[in-house]
Amino acid sequence: MLKLRAPVLIVVAVVLCYSVHGGLRYALITSMIGVVLALSIVVVTGYTGMLSLAQFAFAGVAGFMLSKLAFSLHIPFPLSPLLAALSATVLGVIIGLPALRFRGISLAIITLAAGAAVSSLAFQNPSLTGGYSGSPIPTPKLFGWNLSITAPNGDSSLTFTLGCLFLAVLATLGVANLRNSNSGRRMLA
């Protein structure tokens, strides 16, 4: 019964992606992105028992760097998101290595302070973020497919929605398989 549940949920999610439009599809996209971010909390807090509060700041750094790499430096689509994720990973390692010495509330305070520092120094600085107009990101295209969040008719793109679903399912399966791996069992122990 349990093994049948995941494919059924995936089919329901695909049907939902096709059947909703407008604001509901944007809400679905936001929910799937939230699932991927929440999975990082599952790994760090649920598997290792460490209370880290900076995951959303790291996700923001990746988005910010994506804008700078793709729009300002004109790095093409498949490479720019990878470099943006790598830059957020480097920041995570810079903050995480000293934080490894702490546990519990001390770690929570350190990671909360790191998230607040990133927010204050980068995200609330209009000269870096573009102010109210935001930081533009060029329309991503891969093998001729338009991967923009917005379709030509102004509605949310079905291709982007299905891409978010694919990544959310992939991340969920990765976290589930991590739990059953040797590394996951060591984290839980």
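The exercises below work through a predicted model of a single protein chain, each with a stepwise solution.

Residues are numbered from 1 along each chain as its sequence is written, and side-chain values use heavy atoms, with hydrogens and water left out. Since the model is predicted, local features need pLDDT of at least 70 and side-chain atom pairs count only at pLDDT 80 or more, while totals for chains, interfaces and linings use all residues.

**Exercise 1. Describe the confidence and the overall make-up of the chain.**

Step 1. Begin with pLDDT, the predictor's confidence in each residue, from 0 to 100; its mean over the chain is 83, and 99% of the residues reach 70 or more.

Step 2. Confidence is lowest in helix α6 (residues 126-129), with a mean of 73, and highest in helix α7 (residues 158-180), where the mean is 89.

Step 3. Take helices (H or I, at least four residues) and strands (E, at least two) as DSSP runs, numbered from the N terminus; the chain then has 8 helices and 2 strands, in the order α-α-α-α-α-α-β-β-α-α from the N terminus on.

Step 4. Along the principal axes, the C-alpha atoms fill a box of roughly 55 × 50 × 30 Å.

**Exercise 2. Assign Ala 54, Leu 24 and Asn 182 to buried, exposed or partly exposed.**

Step 1. Apply the cut-offs: buried means under 20% relative accessible area, exposed means over 50%, and partly exposed lies in between, with a 1.4 Å probe and protein chains only. Buried residues make up 26% of the 189 residues in the chain.

Step 2. Ala 54, in the loop between α2 and α3 (55-72), counts as buried because its relative accessibility is 0%. Its C-alpha atom is separated by 9.9 Å from that of Gly 96, 42 residues apart along the chain.

Step 3. Leu 24 lies in helix α2 and counts as exposed because its relative accessibility is 59%. The C-alpha atoms of Leu 24 and Ser 156, 132 residues apart along the chain, are separated by 9.4 Å.

Step 4. Asn 182, in helix α8 (residues 182-188), is partly exposed because its relative accessible area is 48%. Between the C-alpha atoms of Asn 182 and Val 43, 139 residues apart along the chain, the separation is 14 Å.

**Exercise 3. State what is notable about the phi of His 74, and where this residue lies.**

Step 1. Most residues other than glycine have a negative phi.

Step 2. His 74 has a positive phi of about 60° although it is not a glycine.

Step 3. His 74 is found in the loop between α3 and α4, and it counts as exposed because its relative accessibility is 64%.

**Exercise 4. Identify the helices that line the second largest pocket.**

Step 1. On a 1 Å grid over the protein atoms alone, a pocket is an open set of points where a 1.4 Å probe fits, with protein on both sides within 12 Å along at least five of seven lines, and lining residues have an atom within 4 Å of a point.

Step 2. The second largest pocket has a volume of about 640 Å³, the volume being the space filled by probe spheres set on the points, which are joined across faces, edges and corners. Of its 21 lining residues, Ala 6, Leu 9, Ile 10, Thr 172 and Leu 173 are the closest to its centre.

Step 3. Helices α1 (2-19), α2 (23-47) and α7 each supply at least two residues of this lining, and the largest share, 9 residues, comes from α1.
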